[in-house]
Amino acid sequence: MNHQVSRRAGRLLLLVLATGLLGIVSPRASASLRTTQAPLKQIKIDLNNKPALRNGALYVLHVCTACHSLQAVRYSSLTKMLGMHKSEFLRDIGTNGKHYHDLITSNMSPSIIKAFVGTTPPDLTDIARRHSPDWLYTYLTSFYVDPSRPTGVNNTVFYNTAMPDIFAPYQGLQKPVIVKGFRYGSPAEVAVGVKPLTQGSMTPAQFDRTARDIVNFLYAVAHPHQQQRERIGPWILGLFVLLSVLTYLIYRIYWRRVITSKERWWKITR
Amino acid sequence: MSDKKSLPVAIFDWFDARLPISSFWRTQLTRYPAPKNFNLWYFFGSLALLVLVLQLATGLFLAIHYQPNPDLAYWSVLRGIERDSHWGWLIRNMHIVGASAFFLLVYLHMYRGIMYGSYKKPRELLWLVGIFIYLVLAAEAFLGYLLPWGQMSYWGSAVVTNFVTAIPGIGKPIAEWLRGSFVVGTPTLNRFFVFHVFLMPLLLLALVLVHLIALHQVGSNNPDGIEIHENVNETGWPRDGIPFHPYYTVKDLFGVSVFFVIFFWFVFYNPGGWGLLLDKLNYTPANILHTPSDIHPLWFFLPFYAMLRGVPDKLYGIMTFAGSFALLACLPLLDRNPVRSIRYRPVLYKINIFMMPVSFIWLGIIAHGSATEQNMVFGLHVTEVFYATFLFLPFFNRERSLIAKLAWFLVAEMVVWGIDVWMYSIHAHSWHLMLQTDWIPATYVLLIFGLSVLFPSLARDSGKLPERVTAGGIFH
């Protein structure tokens with residue numbers, strides 16, 4: 001009796017303790033490093049949208065690769081992803097004079113680019129695994145005019161980025177939407193959005209489409225096996241679910257000799 | 001002619017006379033008595049063994065394609081293994097998910113041992129070998145993490161090898177000896193590769209073998225913690241024992257199937273594990289000139305990272321971190337109560353054992369947050385709770401008098417507040433900051449000893465143990 005009461009009291013105490021702890025565990029915002037974040041724009045990735053992927057490939061392989069490399073990717077590995085034949089790929093997208101099976105390297109030498117912008121541009125192979133697609137999309141579309149920077153531009157999600165606004169001819173220039181906020185804990189004026197300043201060669205809708213296609217392509221390059229994974233996945237999981245059911249039944253059959261199902265109590269064996 | 005053997009039997013007998021095949025099969029499997037009341041918690045040991053085999057198999061294929069050279073390592077993983085070789089992505093994903101699965105299973109396996117007192121006599125050595133397995137596993141994971149040569153790999157290794165320099169006098173030479181260089185560089189990568197694929201797996205296999213031999217020498221414990229070998233029938237077979245094979249082999253097959261469903265879900269649908277199984281920063285090649293703003297280990301080391309961060313001194317931090325391993329190893333010395341299973345221990349003991357993983361996970365959550373002073377102090381105070389869950393174990397060894405309870409309470413509170421006074425005296429933290437979280441260990445001390453004073457029955461062993469093992473729980 002006494003044992004029963006203490007068992008119950010124990011369970012009650014554990015419950016109270018657990019719920020109390022859950023309340024405390026929730027992480028607190030740290031005051032000392034607070035930085036006002038610009039909201040990220042949403043993007044939907046579609047690996048089956050071949051025209052979008054081809055459009056993205058066109059921009060990445062002809063504009064981005066001026067400075068950036070995709071060192072782990074070969075031109076030849078893109079054709080399947082883009083749903084093209086080799087001849088179509090060579091005709092419509094091309095290899096910048098490199099061999100079809102070559103790795104995608106930047107057209108300028110890294111040392112020259114470093115002299116231009118002060119840093120080596122990151123390789124784009126896995127940039128969509130390093131950053132989320134939403135972040136990349138927001139980054140590409142959120143350059144704003146900032147005369148204090150050597151490049152003349154800054155970025156809402158990557159403060160003091162070294163990358164120049166190479167989209168300016170297409171998108172036009174943009175001005176920042178400034179709010180009073182924090183940067184690394186100190187009060188500062190923070191850009192949380194952008195507004196159009198000048199008109200580029202593309203309409204806003206066209207440019208938005210282009211930026212989305214670029215991010216879509218970068219995501220596809222960074223996740224080359226995602227479609228294969230998700231095609232095989234259900235079969236493998238299904239196999240093991242089936243095996244779980246079968247092995248559970250075998251287990252019950254064997255253990256019939258050990259436990260009686262009625263009382264869930266041990267039969268004495270041997 | 002009944003004594004004429006068929007050819008396969010004759011061949012088997014030829015081998016059996018020269019190798020202990022059938023006797024091993026008999027003594028270790030079909031006639032090895034396992035308690036019949038194993039529950040869900042008893043799946044994790046065999047699953048950990050399975051993951052060890054998986055890691056060795058996938059690791060073999062990775063090592064074939066990997067280049068242990070700083071100029072090539074990063075791209076040999078992301079180009080050579082993931083993109084250029086057939087099914088390389090699958091092998092690598094399995095190895096990544098396998099590493100995390102290994103730790104999860106080992107943590108659960110250890111906690112099973114803690115709950116059911118599997119470290120108590122006669123299984124102290126079994127427990128100690130297990131702790132060594134955990135240490136070697138931790139070393140194996142740490143060494144392997146450098147190999148992809150990403151930013152987090154590089155800086156994580158730099159931070160950990162730097163810890164060693166905190167040891168007075170000999171620290172610096174040892175760190176240089178470990179790295180083979182003044183910083184993490186080519187020699188470091190080469191030796192970490194060799195240790196990861198050769199030395200540590202060998203040690204791990206040897207220790208696992210010793211662990212199994214020790215287990216079969218003393219026999220398995222069970223959720224009731226009563227010795228099945230003390231109640232045998234006339235043939236000497238334990239009345240509560242069943243042959244390991246076929247009963248537990250079929251049961252473990254079920255466990256393996258369910259485990260693979262979860263394992264392969266991660267492999268096929270979430271190989272990065274929300275950035276927890278593989279840090280996103282590792283998709284940037286290591287850059288010796290660019291230190292990331294936040295360096296942190298993978299999830300399974302996060303609690304220890306919070307301990308290190310919580311102490312405002314490198315050497316004391318390492319001692320705190322190493323101390324938690326020492327406490328685990330010392331469990332058989334701390335908890336000397338003859339009752340093994342948590343089922344027959346008092347309520348406050350149950351709470352204490354429950355708080356062990358709670359504070360451990362809590363430390364992990366804190367370490368996952370940014371390295372603010374607030375988080376560091378928070379980590380320090382939760383570390384005190386984690387330590388307390390071990391150091392309070394001797395309190396439950398027997399029933400304590402009122403004076404003893406009050407003494408335990410006073411000493412524990414004095415230690416808790418003493419640490420804060422010390423922190424304040426060396427100007428490490430302000431009282432304002434410390435008072436935000438030091439109520440956590442203080443309240444914990446108050447909870448355990450206060451309740452033991454007010455309700456002595458909550459700290460008293462009932463002294464009632466069942467004669468035979470009992471059924472209950474999931475998958476009994």
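Helices here are DSSP runs of H or I with at least four residues, and strands are runs of E with at least two.

**View 1. Chain B as a whole, in a predicted model.** By that count, chain B comes out with 18 helices and two strands. Its radius of gyration is 25 Å, close to the 23 Å that the globule rule gives for 476 residues, so chain B is as compact as a globular protein of that length. Lay chain B along its principal axes and the C-alpha atoms fill a box of roughly 90 × 70 × 45 Å.

**View 2. Where the two domains of chain B touch.** Chain B splits into domain 1, covering 36-295, and domain 2, covering 309-471. Going by C-alpha atoms, 27 Å lie between the centres of these two domains. Domain 1 of chain B puts 28 residues into the contact, and domain 2 of chain B puts in 24. On the domain 1 side, the elements giving two or more residues are α5 (88-115) and α6 (124-146) of chain B. The largest share of that side, five residues, belongs to α6(B). Sort the domain 1 side by class and you get 15 nonpolar, six polar and seven charged residues.

**View 3. Helix α6 of chain B against its partner α7.** Staying with α6(B), we now look at how this helix packs on α7 (residues 151-163) of chain B: the axes are 7 Å apart and the angle is about 130°. That angle makes α6(B) oblique to α7(B), because an angle has to be over 145 degrees to count as roughly antiparallel. From α6(B), look for F142(B), Y145(B) and L146(B); they meet S153(B), G156(B), S157(B) and V160(B) of α7(B). The tally for this contact is four nonpolar and three polar residues, with no charged ones.

**View 4. Helices α14 and α15 of chain B, side by side.** Here α14 (residues 347-368) and α15 (residues 373-391) of chain B have axes that come within 9 Å and cross at roughly 160°. That makes α14(B) roughly antiparallel to α15(B). As for handedness, the crossing of α14(B) and α15(B) is left-handed. Plenty of side chains to find in this one: α14(B) brings N352(B), M355(B), M356(B), S359(B), F360(B), W362(B), L363(B), I366(B) and A367(B). Facing them from α15(B) are N375(B), F378(B), G379(B), V382(B), T383(B), V385(B), F386(B) and T389(B). Eleven of the contact residues are nonpolar and six are polar, while no charged residue takes part.

**View 5. The two domains of chain A.** Over in chain A, domain 1 runs over 50-224 and domain 2 over 227-266. Their centres, again taken over C-alpha atoms, are separated by 49 Å.

**View 6. Helices α2 and α3 of chain A.** In this last close-up, α2 (residues 50-62) and α3 (residues 75-82) of chain A cross at roughly 155°, and their axes come within 9 Å. With that angle, α2(A) is roughly antiparallel to α3(A). Four residues to pick out on α2(A) are K50(A), L53(A), R54(A) and A57(A), and they meet L78(A), M81(A) and L82(A) on α3(A). This contact holds five nonpolar and two charged residues, and no polar ones.

Methods. Residues are numbered from 1 along each chain as its sequence is written. Chains are lettered from A and ligands numbered from 1 in the order in which they are written. This is a predicted model: local features need pLDDT of at least 70, side-chain atom pairs count only at pLDDT 80 or more; totals for chains, interfaces and linings use all residues. Domain bounds come from an automatic or database domain assignment. Two residues are in contact if their C-beta atoms, placed from the backbone, lie within 7 Å. Ala, Val, Leu, Ile, Met, Phe, Trp, Tyr, Cys and Pro count as nonpolar, Asp, Glu, Lys and Arg as charged, and the others, Gly among them, as polar. Axes are lines fitted to C-alpha atoms, for helices over the stretch in contact, and angles run from 0 to 180 degrees between N-to-C directions. Angles under 35 degrees count as roughly parallel, over 145 as roughly antiparallel, 65 to 115 as roughly perpendicular and the rest as oblique. A crossing is left-handed if the near helix is turned anticlockwise from the far one by less than a right angle, and right-handed if clockwise. The radius of gyration is taken over C-alpha atoms; the globule rule is 2.2 Å times the number of residues to the power 0.38.
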